[in-house]
2 protein chains.
Amino acid sequence: MGGNFMTIGEVARKYGLSVDTLRYYERIGLIPNVHRSESRIRNYSDEDCNWVEFIKCMRNAGVQIEALTEYVALFQQGESTHFERKQILITQRDQLAQRIAEMKATLKRLNFKIDNYDQHIVPAQKKLKKTNKKGVLL
Amino acid sequence: MGGNFMTIGEVARKYGLSVDTLRYYERIGLIPNVHRSESRIRNYSDEDCNWVEFIKCMRNAGVQIEALTEYVALFQQGESTHFERKQILITQRDQLAQRIAEMKATLKRLNFKIDNYDQHIVPAQKKLKKTNKKGVLL
DNA sequence: CTACCGTCTGGAGTTGCCTCCAAGTCAAGC
DNA sequence: GCTTGACTTGGAGGCAACTCCAGACGGTAG
């Protein structure tokens, strides 16, 4: 176990979050309480860092803060919350899969539009308006 | 061409947006100005509806309003903006592809965690903490 | 004619998620 | 011992994207 215990500034740099965001996440229960030194300064352990990295990843994928705070709270309540936690993960997984599917469809659509621009299929705005009527291009 | 010209309420119902959102989108230039009746009431044509549907799709995929307003403004300026418009689409397409890639990775991670919950690989919180140290689970 | 529903406008309020600030404490270097 | 820089707190501020509201107008049904 290497260089344990980092300051909030180091953690912020490591994970590309601001110190304000890290404190905010802790305050709202998105990260379990971080240990402190005698003089009340936060000392992030490896485990704390793992939480930060996990939360950052989930937030980045659009998982709502509320679901994550709930998960963290249940985690801290121990093994009895095993099932509930799993359900949260499944719900979030399904929502994420749904969003990915929608975004893939939109990606296709964008690629299609770009191809049309490339091929100069749309030489004038009037013609463009006409194709709109078919609900295909814009 | 079937039932042309819908009221804002009909369009809202058709596309699952609120009338407030539709008016908001028009006000900020996200949808070209919609034609009005003599009594100033909005009358959405098929083309207007196509814009609404397009914008809804793009917003749903996380494309920023700013990029879309710029695209709409260029579109209204005519064919001379062909290249600029294409560039916007390409930028947005690339950003979207990036987000999808990240989300897919997060989806994998969630599935992995759920599998672990299923297999009861994590029977107690202490053990869970141990696996955290390897940066694998949380 | 009146009631009612949907629309109109401009502007204020809300939500989610940070981000910034003032005022103070602490450890280290000069 | 004083300055510097990173940390502390509670609370205010900010931004994107809506969402709601008051007050007015229009068309239709009874």
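Helices (H or I, at least four residues) and strands (E, at least two) are DSSP runs, numbered from the N terminus. This is a predicted model: local features need pLDDT of at least 70, side-chain atom pairs count only at pLDDT 80 or more, and totals for chains, interfaces and linings use all residues. Residues are numbered from 1 along each chain as its sequence is written, while chains are lettered from A and ligands numbered from 1 in the order in which they are written.

**Exercise 1. Describe the fold of chain A.**

Task: Find how many helices and strands chain A has, and how its elements run.

Solution. Start with the count. Chain A has six helices and zero strands. Next, take the order. From the N terminus the elements read α-α-α-α-α-α. Then look at burial. A residue is buried if 20 or more other C-beta atoms, placed from the backbone, lie within 10 Å of its own, exposed if 12 or fewer, and partly exposed in between. In chain A, 20% of the 138 residues count as buried. Last, look at contacts. Two residues are in contact if their C-beta atoms, placed from the backbone, lie within 7 Å. Take the contacts in chain A between residues at least 6 apart in sequence: 49% of them join residues at least 24 apart.

**Exercise 2. Split chain A into domains.**

Task: State where the domains of chain A lie and what each gives to their contact.

Solution. The bounds come from an automatic or database domain assignment. Domain 1 of chain A covers 1-76, and domain 2 covers 78-138. Eight residues from domain 1 of chain A and seven residues from domain 2 of chain A take part in the contact. Now sort by class. Ala, Val, Leu, Ile, Met, Phe, Trp, Tyr, Cys and Pro count as nonpolar, Asp, Glu, Lys and Arg as charged, and the others, Gly among them, as polar. The domain 1 side of this contact in chain A has six nonpolar residues, one polar and one charged.

**Exercise 3. Relate the two chains.**

Task: Work out which element of chain B gives the most to the side that touches chain A, and what axis relates the chains.

Solution. Begin with the contact. 40 residues of chain B meet 40 residues of chain A. Helix H3 (46-60), helix H5 (82-118) and helix H6 (125-133) of chain B each supply at least two residues of that side of chain B. H5(B) gives the most, with 21 residues. By class, this side of chain B has 18 nonpolar, 10 polar and 12 charged residues.

Now superpose the copies, by least squares on the C-alpha atoms of residues with pLDDT of at least 70 in both. A turn of 180° and a shift of 0.0 Å along the axis lay chain B on chain A with an RMSD of 0.1 Å. That is the relation of a two-fold axis. The C-alpha of Ile100(B) is the one in chain B nearest the axis, 3.1 Å from it. The same surface serves both copies, as 100% of the contact residues of chain B recur in chain A.

**Exercise 4. Locate the DNA surfaces.**

Task: Find which residues are closest to each DNA strand and which helix gives the most.

Solution. A residue is near a strand if its C-beta atom, placed from the backbone, lies within 6 Å of it. Take DNA strand C. 16 residues surround DNA strand C, with Tyr24(A), Ile65(A), Thr7(B), Gly9(B) and Arg42(B) the closest. The largest share, three residues, comes from H2(A). This surface has five nonpolar, six polar and five charged residues.

Turn to DNA strand D. 17 residues surround DNA strand D, and the closest are Thr7(A), Gly9(A), Arg42(A), Ser39(B) and Ile65(B). Helix H1 (8-15) and H2 of chain A give two or more residues each, as do H2 and helix H4 (65-77) of chain B. H2(B) gives the most, with three residues.

**Exercise 5. Trace the cores.**

Task: Name the residues of the largest nonpolar core that touch the most other members.

Solution. A nonpolar core is a set of buried Ala, Val, Leu, Ile, Met, Phe, Trp, Tyr and Cys residues joined through C-beta atoms within 7 Å. The largest has 21 residues; Leu30(B), Ile31(B), Val52(B), Ile55(B), Met58(B) and Leu68(B) touch the most other members. H3(B) supplies the largest share of this core, six residues. A second, separate core has 20 residues, including Ile31(A) and Met103(B).

**Exercise 6. Check a backbone angle.**

Task: Is Arg40(A) buried or exposed?

Solution. Arg40(A) sits in the loop between H2 and helix H3 (46-60) of chain A. Its phi is positive, about 65°, although Arg40(A) is not a glycine. Arg40(A) is exposed, with 6 other C-beta atoms within 10 Å.
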